[in-house]
Amino acid sequence: MFTAAVVTVSDRCFRGERPDGAGPAAAEMLEKAGYRVVETVLVPDEEERIRAALVRLADERDAALIVTSGGTGFSPRDVTPEATLAVCRRLTPGIPEAMRAASLAITPRAMLSRAAAGIRGRSLIVNLPGSPKAVRENLAAVLPALEHGLEMLRGGEADCAAGT
């Protein structure tokens with residue numbers, strides 16, 4: 001069993017103006033796939049706050065998989081990919097490429113996604129869109145392959161330590 005964390009990036013959810021549906025959708029899918037979700041976080045669309053959450057979850061919580069939802073579009077405040085790329089040492093471009101390819105079968109707007117993915121230390125960080133429906137579709141496209149990647153990243157050992 002690998003650990004996972006979910007970061008929802010949304011100004012409106014952070015201010016309490018609308019409920020977060022995307023983060024819980026991601027957490028539910030991860031739990032059903034056998035991940036132990038150790039933390040969910042809600043942050044505004046601010047690059048520094050997103051970076052801080054990702055660094056803390058990777059470095060202090062040692063989450064094997066960190067998924068974000070939201071902030072991957074064209075809006076001036078959509079900065080999740082920039083925050084992700086700023087904290088990752090290695091990129092994993094095949095993951096967002098696979099998500100876009102799967103999503104293109106559903107909507108031509110999938111090509112507008114700027115989602116990124118990368119590795120920080122022993123953690124894989126993957127950006128997902130902000131809607132619950134798109135979170136489910138994108139995560140379903142890559143979730144089956146992520147376990148193998150995490151096994152390689154973590155030296156073949158699932159992360160079951162009680163403190164993570």
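**Cores, sheet and helices of the model**

The largest nonpolar core holds 28 residues, and those with the most contacts inside it are Leu30, Tyr35, Leu65, Leu124 and Val126. Two or more residues of this core come from each of β1, α2 (22–32), β3, α5 (94–104), β5, β6 and α6 (132–153). The greatest contribution is that of α6, with 7 residues. Apart from this core lies another, made of 17 residues, among them Val7, Ile50, Ala63 and Val87. The model is a predicted one, and the paragraphs below take its parts in turn.

Val126 offers a good view into the largest core, since it has been listed there with Leu65 among the residues with the most contacts. Leaving out residues up to four places away in sequence, Val126 touches Leu65, Ile66, Val67 and Thr68, and also Ile95, Met99, Ala116 and Ala117.

The sheet comes next. It is open and built from 6 strands, in the order β2-β1-β3-β6-β5-β4, with mixed pairing. The edges are taken by β2 (36–43) and β4 (90–91); each has a single partner strand, so one side of each is left without a neighbour in the sheet. Strand β5 (residues 117–120) and strand β6 (residues 123–128) run antiparallel and are joined by 4 bridges. Here the bridge partner of Ile119 is Leu124 in β6.

Two helices can now be placed against this sheet. Helix α3 (residues 47–60) packs on the sheet and touches β1, β2, β3 (65–69), β5 and β6. The direction of α3 makes about 165 degrees with that of β2. Helix α4 (residues 80–87) also packs on the sheet, where it touches β1, β3, β4, β5 and β6. The direction of α4 makes about 170 degrees with that of β6.

Strand β3 deserves a look of its own. It pairs with β1 in the parallel sense over 5 bridges, and Thr8 stands opposite Ser69 in β3. Another 5 bridges join β3 to β6, and these two strands run parallel. In this pairing, Leu65 stands opposite Leu124 in β6. In a regular strand the side chains alternate between the two faces of the sheet. Both faces of β3 are covered: Leu65, Val67 and Ser69 are buried on one side, and Ile66 and Thr68 are buried on the other. In count, 5 of the 5 residues of β3 are buried.

Helix α2 can be followed through its buried residues, which are Ala22, Gly23, Ala25, Ala26, Ala27 and Leu30. These buried residues pack against β1, β2, β3, β6 and α6. Ala22 lies in this helix and has a relative accessible area of 2%, so it falls under the 20% limit for a buried residue. Beyond its neighbours within four places in sequence, Ala22 is in contact with Ser69, Gly130, Ser131, Pro132 and Val135. Although Ala22 and Ser131 are 109 residues apart along the chain, their C-alpha atoms are separated by 5.4 Å. Just after α2, Gly34 takes a positive phi of about 100 degrees.

From the other side of this contact, Val135 is found in helix α6. Val135 is buried, with a relative accessible area of 0%. Its contacts, leaving aside neighbours within four places in sequence, are Ala22, Ala25, Ala26, Met29, Ser69, Leu128 and Pro129. The C-alpha atoms of Val135 and Ala5 are separated by 14 Å, and these residues are 130 residues apart along the chain.

Ser10 belongs to the loop between β1 (3–9) and α1 (11–14). Ser10 counts as buried because its relative accessibility is 7%, and its side chain reaches the backbone nitrogen of Arg12 at 3.5 Å. Not counting residues up to four places away in sequence, Ser10 touches Arg18, Val43, Pro44 and Asp45.

The cysteines complete the picture. Cys13 counts as buried, at 8% relative accessibility, and Cys88 counts as buried at 11%. A disulfide is a covalent bond between the sulfur atoms of two cysteines. A search of the whole structure finds 0 disulfides.

Conventions. Residues numbered from 1 in each chain as written. Predicted model: local features only at pLDDT ≥ 70, side-chain atom pairs only at ≥ 80, totals over all residues. Heavy atoms only, no water. Buried < 20%, exposed > 50% of the residue type's maximum accessible area, 1.4 Å probe, protein only. Polar contact = N/O pair within 3.5 Å; in protein donor to acceptor, adjacent residues only side chain to side chain. Contact = heavy atoms within 4.5 Å. Pairing = 2+ DSSP bridges. Axes fitted to C-alpha atoms, helices over the stretch in contact; angles between N-to-C directions. Core = buried A, V, L, I, M, F, W, Y, C linked by side-chain atoms within 4.5 Å. Disulfide = S-S within 2.5 Å.
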